[in-house]
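Open the model in your viewer and keep the selection box ready. We will move from stop to stop.

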Amino acid sequence: MNEFRYEALPMRVTFGAGTLASLPEEVRSLGLKRVLVLATPFQKDLAEQVSEQLGELSAGVHAEAEMHVPIESAHKARERAESAQADGYVAVGGGSTTGLGKAIALEFGMPIIAVPTTYAGSEMTPVWGLTANGEKKTGRDPKVLPTSVIYDPELTLTLPVGMSVTSGFNAIAHAVEGLYAPDGSPIISLMAEEGVRALVRALPSIVENPADKDARSDALYGAWLCGATLGATTMSLHHKLCHTLGGTFNLPHAETHTVVLPYALAYNQDHAPQAMPALRRATGAENPAAYLRELSLKLRAPGSLRQLGLEEADIEKAVAIATKNPYSNPREVTEKGIRDLLTKALNGADL
């Protein structure tokens, strides 16, 4: 008989086309009076539209979110929130924007309403990350978990195809690790399997027709489930490697997840027998690691860490950081093992 513990995260999810229109009502229902709208510079126009929609409920726009949440960026956002006398935040965008909202909440503890426009999944987790002195640190704190999430598939229609693909693989990585997490459960396994299935079905359709609303909705649904698995379980080797590569070498977040995922899964799959049947069902492939690698290449995602800017001379530093205080993992994490894994990912070796 299975023994497990499952704790549902306290948040409200609203999913459906056009649900962005419910944002002012959601703000009021939380008792908020002035919310600061967060975004990246790339999505400043959308943030301004959201601010206008909020009217007197908006405390303005701070469109300076950055990848990997540099500590300097977090300090600046905290100062902006304090000067605006905000009592909450609306994070419009992907993982970088949600991460910035979490960095503010970590200090001030005020609620976040997340409005995802990518498939990152950060909005479903109490995990925060900050980069300082060339190293990304992460932690878990319930006060950074968004109080409310509004999933509107229409907001993802303009997400570029390349970013859609890598963002989707980022989400898949959450589910893969949830399947062999030490604190997994049957509930998490069901969510993870369904999330992977939805994304591997949706992403090829999005590449073929970026305006396919059904595929966009399926991908966002999958990303929600994959993000929820990350929120409820312990991260493993894959995330440790991506945090190292992103925080220390400033590699792009979603692209790094996409490249590393098949190699991290190949490293672990013989030591995670409980995860493999679910991944085989979800992907329809006997070798899920090889399948995910082939699918990413077919969808024209980057195929190696070298393409993303990592160099051979960087490997030893990455190995040292990744094996220092390693995350829980089904297979022992050794310097040799991680060196081999990263070298294969660096060169885009076949699986």
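## Stop 1: the pockets

About 320 Å³ of space lies in the second largest pocket. The model here is a predicted one. To find this pocket, select Glu7, Leu9, Arg140, Gly231 and Ala232, which lie nearest its centre. In total, 17 residues line the second largest pocket. Now colour that lining by class. You should get nine nonpolar, three polar and five charged residues.

Next, go to the largest pocket. Its volume is about 900 Å³. Select Gly94, Gly95, Ser96, Ala120 and His253 to land nearest its centre. The lining of the largest pocket has 43 residues. Several elements give two or more residues to this lining: α4 (95–108), β6 (127–132), β7 (135–140), α5 (161–179), α8 (237–249) and α9 (253–268). Which of them gives the most to the lining of the largest pocket? Select α4, which gives five residues. By class, the lining of the largest pocket holds 15 nonpolar, 24 polar and four charged residues.

## Stop 2: the nonpolar cores

Hide the pockets and look at the largest nonpolar core. This core has 47 residues. Select Phe169, Ile172 and Leu265, the members that touch the most other members. Then show the elements that give two or more residues to this core: β8 (148–151), α5, α6 (186–208), α7 (213–232), α9, α10 (276–283) and α11 (288–298). Of these, α6 gives the most, with 10 residues.

Stay with leucine 265. What is leucine 265 in contact with, leaving aside its neighbours within four places in sequence? The list is Val176, Tyr180, Met276, Leu279, Pro288, Ala289 and Leu292. Show their side chains together with leucine 265.

Now switch to a second, separate core of 24 residues. Leu237, Leu241, Leu305 and Ala318 are among its members.

## Stop 3: valine 165

Select valine 165 in helix α5. Is valine 165 buried or exposed? Its relative accessible area is 2%, so valine 165 is buried. Leaving aside neighbours within four places in sequence, valine 165 is in contact with Leu203, Val207, Leu299 and Ala301.

Try the distance tool too. Pick the C-alpha of valine 165 and the C-alpha of aspartate 270. These two residues are 105 apart in sequence and 27 Å apart in space, C-alpha to C-alpha.

## Stop 4: threonine 156

Move to the loop between β8 and α5, where threonine 156 lies. Threonine 156 has 0% relative accessibility, so it counts as buried. Show Thr117, Tyr119, Arg216 and Leu220. Threonine 156 is in contact with these four residues, leaving aside its neighbours within four places in sequence.

## Stop 5: the cysteines

Last, select cysteine 226 and cysteine 242. How many disulfides does the structure hold? The structure holds zero. Why is cysteine 226 not bonded to cysteine 242? The closest cysteine sulfur to that of cysteine 226 is in cysteine 242, but it is 15 Å away, which is too far for a bond. A disulfide needs the two sulfur atoms within 2.5 Å. Start from cysteine 242 and the closest cysteine sulfur is the one in cysteine 226, at 15 Å.

Finish by checking how hidden each one is. Cysteine 226 has 0% relative accessibility, so it counts as buried. Cysteine 242 has 3%, so it counts as buried as well.

Definitions and conventions: Residues are numbered from 1 along each chain as its sequence is written. This is a predicted model: local features need pLDDT of at least 70, side-chain atom pairs count only at pLDDT 80 or more; totals for chains, interfaces and linings use all residues. Side-chain values use heavy atoms; hydrogens and water are left out. Buried means under 20% relative accessible area, exposed over 50%, partly exposed in between (1.4 Å probe, protein chains only). On a 1 Å grid over the protein atoms alone, a cavity is a set of points where a 1.4 Å probe fits but cannot get out, and a pocket is an open set with protein on both sides within 12 Å along at least five of seven lines; lining residues have an atom within 4 Å of a point. Grid points are joined across faces, edges and corners, and a volume is the space filled by probe spheres set on the points. Helices (H or I, at least four residues) and strands (E, at least two) are DSSP runs, numbered from the N terminus. Ala, Val, Leu, Ile, Met, Phe, Trp, Tyr, Cys and Pro count as nonpolar, Asp, Glu, Lys and Arg as charged, and the others, Gly among them, as polar. A nonpolar core is a set of buried Ala, Val, Leu, Ile, Met, Phe, Trp, Tyr and Cys residues joined through side-chain atoms within 4.5 Å. Contact means heavy atoms within 4.5 Å.
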